[in-house]
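The following exercises concern a predicted model. Each task is followed by a solution that goes step by step.

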Amino acid sequence: SRHPILFARWIRGRLRHYLLWPLWPLKLIFERGRLENAFVALFVPRKSQTSGEREDVLRMLLKLTPPDARVLEIGTYFGEGSTKVFIDGLSNEASFFVMDTWSEYISTTDKMCVPNKRFYRIMDGMSYFAATNTLRVILGAERRDDSPSITMIRRSSNDLFVADNFFDLVFIDGSHYYRDVRRDIELALRILKPGGIICGDDLEILPSVGLAAVAKQYLDHDFVSDKDGFWFHPGVALAVYELLGTVEMKAGTWWKVTTK
């Protein structure tokens, strides 16, 4: 009595195979994001990016981690910047965790700021495209034998529950607002192993008492200039200054080895 059912299933399978295989060009277009990438190229000011000097710093820091390192990246966006540096620099024994909310995060103040409001509104509207592009980057990496184990986490650091002393390196490049950077640094200090590396991006100048005082006036701003016309991220500068004190910095990338 089961033979007709099995035969019907076989027929359906053959029909799917022969009727749907001509759709492979569409699969190729959507799987590789051809249409999305064309849209993003036309309308997005910039995707994830990192300079050659910053890439060199990240590679140098990765050399300080063990082959089976656990690395967390907070703030991934399109997965085209530091994400690819970590994927290429980690061994297949390592575990790499990419974390982002992939949601709106720009403050109301910045969205109303006349010089940059269009840029910020576009940034907030790109979360879907950023998340799907990151997934494509991960899937592409996983096809390689030398790729680390990669986990994609859509969470705020408020909602990340990880055991203490778990990671060898935590890289912070999410929201640049003070409350968010401070929260990310506090999390990193808790979940890093003794001797682990906390690092991040967008620290344009080593923080000082004077810079911290200026930064406190712009806690709801992403990027501002001081009285001398020097542009910096006040939230990053203030949070690093308050929680870490002295750090190493090159080309905007900062780092410190924990001693807990």
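**Exercise 1. Strand pairing and the sheet**

Task: Determine how many bridges join strand E1 to strand E2, and establish where this pair sits in the sheet.

Solution.
1. Strand E1 comprises residues 70-74 and strand E2 residues 95-100; the two run parallel and are joined by five bridges.
2. Within this pairing, leucine 72 has phenylalanine 97 of E2 as its bridge partner.
3. The strand order is E3-E2-E1-E4-E5-E9-E8, an open sheet of seven strands with mixed pairing.
4. Strand E3 (149-154) and strand E8 (248-250) are the edge strands, since each pairs on one side only.
5. From one strand to the next, the twist averages 15°.

**Exercise 2. A helix across the sheet**

Task: Identify the strands that helix H4 lies across, and state its angle to E9.

Solution.
1. Helix H4 spans residues 52-62.
2. The strands it lies across are E1, E4 (167-172), E5 (192-200), E8 and E9 (253-257).
3. Relative to E9, helix H4 runs at about 15°.

**Exercise 3. A salt bridge from H4**

Task: Find the salt-bridge partner of arginine 54 and explain what the pair ties together.

Solution.
1. The structure holds 15 salt bridges.
2. One of them pairs arginine 54 with aspartate 201, whose closest N and O atoms are 2.8 Å apart.
3. Arginine 54 belongs to helix H4, while aspartate 201 is in the loop between E5 and helix H10 (209-215); the pair therefore ties together parts that are 147 residues apart in sequence.

**Exercise 4. The largest pocket**

Task: Describe the volume and the lining of the largest pocket.

Solution.
1. The volume of the largest pocket is about 990 Å³.
2. Its lining consists of 46 residues, and those nearest the centre are Tyr105, Met123, Asp173, Gly174 and His176.
3. Two or more lining residues come from each of H4, E1, helix H5 (82-89), E2, helix H7 (117-125) and helix H9 (178-191).
4. By class, the pocket lining divides into 11 nonpolar, 20 polar and 15 charged residues.

**Exercise 5. The cavity**

Task: State how many cavities of 30 Å³ or more a search of the whole structure finds, and characterise the largest.

Solution.
1. The search finds one such cavity.
2. The largest cavity has a volume of about 40 Å³.
3. Its lining residues include Asp173, Gly174 and His176, which are also among the residues nearest the centre of the largest pocket.
4. Asp201, the salt-bridge partner of arginine 54, also lines the largest cavity.
5. By class, the cavity lining has four nonpolar, three polar and three charged residues.

Conventions: Residues numbered from 1 in each chain as written. Predicted model: local features only at pLDDT ≥ 70, side-chain atom pairs only at ≥ 80, totals over all residues. Heavy atoms only, no water. 1 Å grid on protein atoms, 1.4 Å probe; cavity = no way out; pocket = protein on both sides within 12 Å on 5 of 7 lines; lining within 4 Å. Points joined across faces, edges and corners; volume = space filled by probe spheres on them. Nonpolar A, V, L, I, M, F, W, Y, C, P; charged D, E, K, R; others polar. Pairing = 2+ DSSP bridges. Helix = DSSP H or I, 4+ residues; strand = E, 2+ residues; numbered from the N terminus. Axes fitted to C-alpha atoms, helices over the stretch in contact; angles between N-to-C directions. Contact = heavy atoms within 4.5 Å. Salt bridge = Lys/Arg side-chain N within 4 Å of Asp/Glu carboxyl O.
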